[in-house]
Amino acid sequence: MTTDVTGPPALGQHFDWADLPARQQPTWEDAGALERAVATLQGFPPLVFAGECDQLRDKLGAVTRGEAFLLQGGDCAETLEGVTGPNIRERIKTILQMAVVLTYGAGMPVVKVGRLAGQFAKPRSSDLETRDGVTLPAYRGDMVNGFEFTPEARAHDPNRMVSVYHASASTLNLVRAFTTGGYADLRSVHTWNKGFLAGPAQARYEQMAAEIDRAVRFLEASGVADAEELRRVEFYSSHEALVLDYERALTRRDSRTGLAYNTSGHFIWVGERTRGLDDAHIDFVSQVHNPVGVKLGPTATRDDVLRLVEKLDPEGRPGRLTFITRMGAGTIRDLLPSLLESLGEVAHQVAWVCDPMHGNTFTSPSGHKTRRFEDVIDEVAGFFEAHRTVGTWPGGIHVELTGNDVTECVGGSGALDVQDLGLRYETLCDPRLNHQQSLEMAFQVASMLEAGR
C-alpha cells in the first residue's frame, strides 16, 4: 500500500473540464440531485492511490516490451446486488487460477487486473427499450438506473453514483484482504479449485497445482523462496470510464507531484463507442496520469491510432497506453496485421491486448445474447498470429468472465449448447465465460504463449 495522500478538488485544486461532446451519458432529470451527488463524491476518499497507478503503469511497461502478459477479466457489468463476498471471492479465485496457468504454462510474469470495483455502467446501442408496446429508457448499468422494466427503476438517478462508490470501496476492501492476507498464497493453489463444479479444465489444473506444490517445496527447502512473495499477489482494478460525472468527481491531485489521477480505478479505458478524438472521454483520459486503454474495433484506422497516441501518450512512456482490439474472429486476421504494419515503430511503443468477446456476440433462437467459446479462442489465436506476422508483442487478453457456473456462452469442453442457455443465464448485459470456460481459455492461451517463446 502506498502512503501518498490525494486531496479532493475542494482543496483549491479545481479541474476545468472542456465543454466537449460526451456520448453515452445519462440524462439526469434532477439537476439539484446531480449537484449534491457530485459534491458528495468529491468529498469522499480516493478508492485507489496514485502510487498504485504508477506501479501498474510500470508493470504495463513490461507488457509493452514483451516481458510480461496482461490478464484482465471480470464481469460485463457489476450490479449492486452482486457485490457479495462469495461473488467477489469466486471471481478472484478464477482470475488467480488463470494467472497461475499462464505463468506456469508460459513461464512469464502475468499482470493481474480485474474488471471490478467500478464496472457499473454500460454503453447501449439505443437510448430506449420497448416491451409489449411500452417504451422506457434502456438499462445503462446500476450506476445509472435499474434493470427492472418500470418507469421508476429506469429513471436515471444520480444518487446511484454514490451507491456505486460504496460498493466499489467494499469490493476493493475484500480484494485487498484476499490478495495480501494469505488467501492468494502460491502454496494454496489447490484451495482455489474448491467449490467449483468438476470438469476437464479443473482436472488439468489439479495436475498443474501438484507440480507447482513440488516446485515451491523445492524452492523453500533450498532457501530460495521468499515467503512474503509467495504469500501475496498484486492485483489491480479497472473499468470503462463511461459516466463522466462519476469519473471527474473522483479525480484528485497527487500530493507528491500535483498531477491529476482518476482515483476510481487503477486502469481505465475508453470504449469503441466513445473514442472520438475530439470528444469528452478522450479529453478526460488525456488529463489523468493513470495507465489508460482505448478499445479499437474493426473500423479503426492508422490515422485514428496515430492521433490517439499523440493525444494520450505524446511522451511515449511505456505502460501509459494500451490498445484493446475487438475485431471479431472472422475479421481479425484480415484487419489487424495491416493496421499494425501501417503504424511502424509506433506499434512497438504501446501495449496490445485482445478483447475476444465483443466482436463475437450473436442472438440465439431463444433470444439470449451469447458467444461461442470456439470463436472467442479463434479471435485470440488470430490476435497472436497477427502480432507474430508483424513482429509486435501480443500483450494480453481482456475477458468478460465470472467465477459462477453460468450458462451464457456456448461451447467449450462442457459442450454447452444454445438449448442450455436458459439454465443459468444471469447476466444483465453481455454473456460471460463461466469458470470452466475461463480456465480452459487460460490453458489454450498459455499454449499460444509457449509456442511463441
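Here is a short chat about ring contacts in this predicted model.

User: What do I need to know about the ground rules?
Analyst: Residues are numbered from 1 along each chain as its sequence is written, and side-chain values use heavy atoms, with hydrogens and water left out. The model is predicted, and local features need pLDDT of at least 70, side-chain atom pairs count only at pLDDT 80 or more, while totals for chains, interfaces and linings use all residues.

User: How many aromatic pairs are there, and what makes a pair?
Analyst: Rings of Phe, Tyr and Trp (its six-membered ring) pair if their centres lie within 6.5 Å; planes under 30 degrees apart count as stacked, over 60 as edge-to-face and the rest as tilted. By that rule, the count is 8 aromatic pairs.

User: Why is the pair of Trp17 and Phe284 called tilted?
Analyst: Their centres are 5.3 Å apart and their planes meet at 55°, so the angle falls in the "rest" group, neither under 30 nor over 60.

User: Why is the pair of Tyr139 and Phe147 called edge-to-face?
Analyst: Its planes are at 85°, with centres 5.3 Å apart, so it passes the edge-to-face test.

User: How do you know whether Tyr139 and Phe147 are buried or exposed?
Analyst: Buried means under 20% relative accessible area, exposed over 50%, partly exposed in between (1.4 Å probe, protein chains only). Tyr139 has 3%, so buried fits, while Phe147 has 34%, so it's partly exposed.

User: What makes Arg154 count as sitting over the ring of Phe147?
Analyst: The rule asks for NZ of Lys or CZ of Arg within 6 Å of the ring centre and within 35 degrees of the ring normal. The charged end of Arg154 is 5.8 Å from the ring centre of Phe147 and sits over that ring.
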